[in-house]
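The exercises below go through one protein chain and its ligand. Each task is followed by a solution in steps.

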Amino acid sequence: GPVLRLVLGDQLSNALTGLGDLNPDHDVVLMAEVRDEATYVRHHKQKIALTFAAMRAFAARIADRGVAVRYVRIDDPDNTHSIVGELHRALDASPFSKIVLTECGEWRLAQALEAFAGVATVPVEIREDRRFICSRDRFRRWATDKRELRMEFFYREMRRETGLLMDGPDPEGGRWNYDAENRRKLTKGLRPPQRLRTPPSSLTRDAIADVARLFPDHFRDLESFGWPTTAEEAETVLADFLDRVLPAFGDWQDAMAEGQPWMWHGLISTAINLGLLDPLDVCRRAEAVYRAGAAPLNAVEGFIRQILGWREFMRGVYWLKVPEYRQRNALDADRVLPWFYWSGKTDMACVADVVATSRTNAYAHHIQRLMVTGNLAMMLGVHPDAVDDWYMTVYADAYEWVEMPNTRGMATFADGGIVGSKPYAASGAYINRMSDYCGACRYDVKGKSGDGACPFNRLYWGFLERNRGRLRDNIRLAMPYRTLDGFGEARRADLLAEAERTRVSLGAIVGEKATKGE
Ligand code: SF4
């Protein structure tokens with residue numbers, strides 16, 4: 001009999017397991033734009049428009065192949081506005097012999113779908129999502145006997161398993177990791193290349209108009225929308241990156257520059273996360289560029305590690321640790337998120353620039369997310385729920401499975417060291433070294449204390465002092481704590497007080513978890 005096949009908004013891949021044995025003669029594909037998913041945080045408008053546009057294009061594509069698609073638009077008056085509600089409604093509308101789902105990326109929705117499977121009137125088959133390089137089971141097996149989970153060791157296994165950048169049993173070039181060569185500061189006069197952005201198709205323009213009309217109170221701008229919404233558009237962006245940008249990706253991977261949102265980054269995370277690009281294929285394509293002698297090893301290895309290492313590792317950790325992971329708050333952070341995270345109105349030049357690109361583009365590159373907004377949120381002691389809410393809201397590529405380990409783990413150490421071996425706390429010196437922000441900033445990056453000194457400096461030692469009981473035994477923090485101990489008790493009390501004054505003056509006060517922004 002006919003099978004109902006659900007395709008979620010981030011499952012837009014022809015190779016989706018749930019579509020594997022699709023019978024175009026009588027199966028029906030269900031896709032639904034629902035408010036539950038569009039509004040559980042106030043997602044950036046570009047993120048919703050991107051998802052709707054990509055879903056509609058995907059649906060049109062399979063309908064062209066003669067497949068019946070039950071497509072529920074956001075403005076359909078009968079829309080129940082939940083995925084489970086739409087499954088029930090489809091079952092009520094016509095008879096199906098079974099339902100096929102592909103496991104979803106997020107714990108919250110997976111729970112709802114499993115509950116649905118338990119009560120549905122027809123059998124529900126939930127298939128593995130094979131679009132990742134490492135399956136959840138494979139990751140679990142890797143993790144079982146590990147005292148600590150470290151990305152680097154996971155990554156090496158993945159290199160061996162896939163054969164990517166391998167030279168027989170050895171890593172290409174003799175080393176697994178070339179990050180030491182990937183920390184160059186942008187030299188004066190050097191400008192990042194012009195980037196190819198995708199002009200919105202008429203379908204995308206419709207989706208943008210729908211979002212402008214139906215989600216007026218969601219976060220920020222639609223004007224600069226330039227994300228690929230189909231596999232072809234994504235391929236064009238990828239090909240351009242591999243061709244023109246990848247060769248220098250490694251060198252400037254950690255560099256930041258005022259008014260330069262893209263630098264040499266891939267700009268393909270949205271496409272991979274939606275299913276428009278296949279991660280293993282992207283890695284193989286990057287490797288081919290290296291093998292052809294068109295890009296250096298440090299660039300290609302660094303790029304492949306982001307996908308084969310970090311992306312897969314984050315997803316593995318997420319599924320290994322949810323739901324408990326969602327509650328973690330290892331540093332007992334209790335402050336509200338300062339309003340400038342939403343408005344960008346701050347004298348901190350680095351923060352203002354990162355928030356500006358986040359508002360305009362629904363994008364900031366990884367070092368901005370990690371070392372500016374993430375680092376600051378951690379040192380301010382912002383509650384992890386509020387930090388998660390912000391990252392989930394503002395970035396077009398943010399899905400909980402990848403956002404949460406990055407934010408609660410990597411950026412703020414709220415997971416207590418599952419993802420990273422130490423908090424990435426850094427004073428203004430780091431930002432000054434890796435960017436051109438500080439020159440034009442009202443704050444003095446060399447200043448240590450007082451109103452004119454860089455807030456990152458005023459927070460840094462106090463952060464360590466405040467978390468002494470939690471972090472003092474961390475071997476990777478032995479050096480800064482030795483320095484701190486050398487300051488003596490009176491000075492340490494001063495540093496703690498200075499950090500507290502700074503927290504309050506920046507708006508990181510104790511209060512309701514402030515999670516809604518303009
Ligand atoms: Fe950021 Fe401090 Fe530099 Fe200003 S001085 S740009 S606040 S790091």
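**Exercise 1. Place M256 in the fold and decide whether M256 is buried or exposed.**

Step 1. M256 lies in the loop that runs between α8 (231–249) and α9 (269–274); helices here are DSSP runs of H or I with at least four residues, strands are runs of E with at least two, and both are numbered from the N terminus.

Step 2. The relative accessible area of M256 is 1%, so M256 is buried (buried is under 20%, exposed over 50%, partly exposed in between, with a 1.4 Å probe and protein chains only).

Step 3. Contact means heavy atoms within 4.5 Å. Apart from neighbours within four places in sequence, M256 touches M263, H365, I367, Q368, V372, I431, M434, S435, D436 and Y437.

Step 4. For one of these partners, H365, the C-alpha separation from M256 is 8.7 Å, although the two are 109 residues apart along the chain.

The model is predicted: local features need pLDDT of at least 70, side-chain atom pairs count only at pLDDT 80 or more, and totals for chains, interfaces and linings use all residues. Residues are numbered from 1 along each chain as its sequence is written, and side-chain values use heavy atoms, with hydrogens and water left out.

**Exercise 2. Which residues surround the ligand, and which helices each supply at least two of them?**

Step 1. The shell consists of M348, A349, C350, G428, I431, Y437, C438, C441, Y443, V445 and C454, where a shell residue has a heavy atom within 4 Å of the ligand.

Step 2. At least two shell residues come from each of α13 (349–361) and α17 (428–434).

Step 3. By class, 10 shell residues are nonpolar, 1 is polar and none is charged. Ala, Val, Leu, Ile, Met, Phe, Trp, Tyr, Cys and Pro count as nonpolar, Asp, Glu, Lys and Arg as charged, and the others, Gly among them, as polar.

Step 4. I431 and Y437 belong to the ligand shell and are also among the contacts of M256.

**Exercise 3. Locate L165 and R220, and compare their phi angles and burial.**

Step 1. L165 is in the loop between α6 (151–162) and β6 (166–167), and R220 is in the loop between α7 (202–214) and α8.

Step 2. Neither is a glycine, yet phi is positive, at about 50 degrees for L165 and about 55 degrees for R220. Most residues other than glycine have a negative phi.

Step 3. L165 is buried because its relative accessibility is 0%, whereas R220, at 23%, is partly exposed.
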